[in-house]
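Reader: Hi! Could you pick one small part of this chain, look at it closely with me, and then show me what surrounds it?

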Amino acid sequence: MGSKNTNDIIILGIESSCDDTSAAIVGNGVILSNVVAGQKVHEAYGGVVPELASRAHQQNIIPVVDQAIKKAAIKQSDISAVAFTRGPGLLGSLLVGTSFAKGYALASGIPLIEVNHLQGHVLALFIREKGQPYNPPKFPFLCLLVSGGNSQIILVKDYLEMEVVGQTIDDAAGEAFDKCAKVMGLPYPGGPYIDKLAKEGDPLRFKFSKPKVPGLDYSFSGLKTNFLYFLRDNLKETPGFIEENKADLSASLQHTIIEILMDKLVKATKQTQIREVTVAGGVSANSGLLAALQQQAVKHKWNLIVPKFEYTMDNAAMIAITGYYKYMEKEFVGQNTVPYARTKL
Ligand code: KG4
């Protein structure tokens, strides 16, 4: 970014809520770097092992921050504030990022900014890249936030003013993808594998149960159980049932998850009369969900905005951009701030 002016606002963002250690630099609202280190150690276990995640964060955090600063071509002394994910997430993982951010802010004499991970996923829609077109949504808008830990419909009134209008009462959509993929013997996280297999399968071949939850709330645990029992019953008669029907099972499962998500989203747009619609979180990378969103956008005349793929997954760019908007409002926290495993928006 060249040499720093006194008015430049440069934010270091830190994300460590689950199994990705990430650091990013945002300069005056523009992304300068975004480094993500994944953790392969969990693959053998078919899910994230919290204890191993914390240890891997501890190993990764310094090299990742160092790389983010170098890639952004700034000096450490240029950084105006440190923003970190305070929660929700795995407590041991969050403690690594929080402690690092606190130490960094203290040592550099700069403000500390806490960021809600979910708010970060929503504000990923405002990530601006140098020399790239910038088409952020207009307020107010609805955001379907679908990740491994959350499924929510959020009414976004302003950068820092959001209201959850619907959410899952049990499992998240990503969890449904991952847990069903696991029983099919697919690697973790299973969402992308189901997505790939679904492209070759018949989405209407198998029928799975859809929940009857009032209002705009979601539920995915019944579908997961239904899928599990369906496989168990069929495997009794046909031992090769999963192998022989992998594509159709994936396509039918994905179709059901998408129908559940879309039914409530359409209902939310009707209730709120808002046609500015966005999507965020890891599951928004799903090709079937994106196609369904595009179809409904045409049908209901929505202005649909989809974030760039790399910013839908866990990343620190979304934490840094949220930190930037909080910096403008001087929303700082003290050294006594602690992370939280569960929280609302
Ligand atoms: O946002 P994210 O990286 O982490 C959380 O904050 O949870 O989301 C991860 C989730 C996982 O459940 C993963 O299976 C799912 O996003 N996912 C997908 C796809 N890509 C990632 N699910 C379905 N289809 C995909 N293409």
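Author: Happy to! Let's start at Pro88, which sits in the loop between S4 and helix H2 (91-108). Helices here are DSSP runs of H or I with at least four residues, strands are runs of E with at least two, and both are numbered from the N terminus. Before we go on, a word about what you are looking at. The model is predicted, so local features need pLDDT of at least 70 and side-chain atom pairs count only at pLDDT 80 or more, while totals for chains, interfaces and linings use all residues. Residues are numbered from 1 along each chain as its sequence is written, and side-chain values use heavy atoms, with hydrogens and water left out.

Now back to our loop. What is the peptide bond from Gly87 to Pro88, cis or trans? That bond is cis, and its omega is near -5 degrees. Here is some background to keep in mind: most peptide bonds are trans, and most residues other than glycine have a negative phi.

Look next at the strand that leads into this loop. Strand S4 covers residues 81-87 and includes Ala81. With a relative accessibility of 0%, Ala81 counts as buried; buried means under 20% relative accessible area, exposed means over 50%, and partly exposed lies in between, using a 1.4 Å probe and protein chains only. Which residues does Ala81 touch, apart from those within four places in sequence? Its contacts (heavy atoms within 4.5 Å) are Ile10, Ile11, Leu12, Ile110, Pro111, Ile113 and Tyr327. To get a feel for distance, find Ala285: it comes 204 residues away from Ala81 in sequence, and their C-alpha atoms are 31 Å apart.

Ile11 is worth remembering, as it is one of the contacts of Ala81 and also one of the contacts of Ala320. Ala320 belongs to helix H9, which runs over residues 317-328, and Ala320 is buried at 0% relative accessible area. Besides Ile11, Ala320 is in contact with Gly13, Ala24 and Val26, once neighbours within four places are set aside. Asn34 and Ala320 are 286 residues apart along the chain, yet 9.3 Å separates their C-alpha atoms.

On the other side of our loop, in sequence terms, comes helix H2, spanning 91-108. Two residues with numbers in that range, Ser93 and Val96, are touched by Ser54, which also touches Gly92; that count leaves out residues up to four places away from Ser54 in sequence. Ser54 itself is in helix H1, made of residues 50-71, and counts as buried because its relative accessible area is 18%.

Between H1 and S4 there is another loop, and Ala73 lies in it. Is Ala73 buried or exposed? It is exposed, with a relative accessible area of 51%. Ala73 also has a positive phi, near 55 degrees, although it is not glycine.

Both backbone features turn up again elsewhere. A cis peptide bond joins Phe139 to Pro140, with omega near -10 degrees. Pro140 is in the loop between strand S6 (128-129) and strand S7 (141-146). As for positive phi, Gln273 has a value near 65 degrees. Its place is the loop between helix H7 (241-272) and strand S10 (276-280), where Gln273 is exposed at 67% relative accessibility.

Not every loop residue is exposed, as Trp302 shows: its relative accessible area of 8% makes it buried. Trp302 lies in the loop between helix H8 (287-300) and strand S11 (303-305). Its contacts beyond four places in sequence include Met262, Leu265, Val266, Arg275 and Val277. The C-alpha atoms of Trp302 and Glu276 are 5.8 Å apart, with the two positions 26 residues apart along the chain.

Finally, step back to the whole chain. It has 9 helices and 11 strands. Of its 345 residues, 54% count as buried. Among contacts with a separation of 6 or more, 73% come from residues 24 or more positions apart. The C-alpha trace spans about 70 × 45 × 35 Å along its principal axes.
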